[in-house]
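Open the model in your viewer and keep the selection tool ready. The stops below go from the whole chain to single side chains.

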Amino acid sequence: MAARLNINRTDLRGLNALEHGPLTPGELGDRLGLTSGSVTALIERLIRESLVERVASADDGRSVKVSITQDRYGELSSLYGSCAKAIAQSFAGGTEPELLAAAQALQAFASAIEAATATLDDTV
């Protein structure tokens, strides 16, 4: 997905964090575990690719929020939709116990990745 969008994996994580709506740069940094300087660089890279934009916060005129651009939102939806369809098809024939086991394995994997990531700094 990152290669398709011409961005790196950290930038893709940033896009994923914005999937449910705009965030302030601080909120984005907190979700990704990045410093303010790293978040600024991430936002600038995504702006250069026309994937996000800074918009004035409706709540506080002194701050900005980062949001996915409308121009690229459809493209992102299509890409993720294709992935979701492929995943659903690959699990379509599974029995309930098989699907439960797969879900538990994926949850354990995600938890392990989160724990490992928490021990890294954003310079790695």
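A contact here means heavy atoms within 4.5 Å. Among contacts between residues at least 6 apart in sequence, 44% join residues at least 24 apart. The model is predicted: local features need pLDDT of at least 70, side-chain atom pairs count only at pLDDT 80 or more, and totals for chains, interfaces and linings use all residues. Residues are numbered from 1 along each chain as its sequence is written, and side-chain values use heavy atoms, with hydrogens and water left out.

**Whole chain**

Select the protein chain and color by secondary structure. Six helices and two strands appear. Helices (H or I, at least four residues) and strands (E, at least two) are DSSP runs, numbered from the N terminus. The order along the sequence is α-α-α-α-β-β-α-α. Along the principal axes, the C-alpha atoms fill a box of roughly 55 × 35 × 30 Å.

Now switch on the surface. The chain exposes about 8,300 Å², and carbon and sulfur atoms supply 55% of that area. Accessible areas come from the Shrake-Rupley method with a 1.4 Å probe; for residues, only the protein chains shown count as cover. Buried means under 20% relative accessible area, exposed over 50%, and partly exposed in between (1.4 Å probe, protein chains only). Of the 124 residues, 25% are buried.

**Helix α2**

Select residues 9-17, helix α2. Which residues of α2 are buried? They are Asp11, Leu12, Gly14, Leu15 and Ala17. Show their surroundings: these buried residues pack against α1 (2-5), α3 (25-32), α4 (36-48), β1 (52-56), β2 (64-68) and α5 (70-91). Then step to the start of α2. There, a side-chain oxygen of Asn8 comes within 2.9 Å of the backbone nitrogen of Thr10.

**Salt bridges**

Side chains of opposite charge can pair when their charged atoms come close. A salt bridge is a side-chain nitrogen of Lys or Arg within 4 Å of a carboxyl oxygen of Asp or Glu. The whole structure holds four salt bridges; three are visited here.

- Select Arg54 and Glu44. Their side chains meet at 2.6 Å, N to O. Arg54 is in strand β1 and Glu44 in helix α4, so the pair ties together parts that are ten residues apart in sequence. Arg54 is partly exposed at 38% relative accessibility, and Glu44 is partly exposed at 30%.
- Select Arg72 and Glu75. This salt bridge also spans 2.6 Å, N to O. Both residues lie in helix α5, three residues apart, about one turn of the helix. Arg72 is buried at 16% relative accessible area, while Glu75 is partly exposed at 31%.
- Select Asp60 and Arg62. The closest N and O atoms of this salt bridge are 3.0 Å apart. Asp60 is partly exposed at 25%; Arg62 is exposed at 76%.

Keep Arg62 and add Gly37. Their C-alpha atoms are 19 Å apart, with the two positions 25 residues apart in sequence numbering. Gly37 lies in helix α4 and is partly exposed at 46%.

**Nonpolar patch**

Last stop: select Ile87, Phe91, Leu99 and Leu106. Together they form a nonpolar surface patch with about 370 Å² of accessible area. Patches are made of residues with over 30% relative accessible area and no salt bridge: like charges are joined within 9 Å, nonpolar side chains (Val, Leu, Ile, Met, Phe, Trp, Tyr) within 5 Å. Helices α5 and α6 (96-118) each supply at least two of the patch residues. Zoom in on Leu106, in helix α6. Leu106 is exposed, at 54% relative accessible area.

Notes. Polar contact = N/O pair within 3.5 Å; in protein donor to acceptor, adjacent residues only side chain to side chain.
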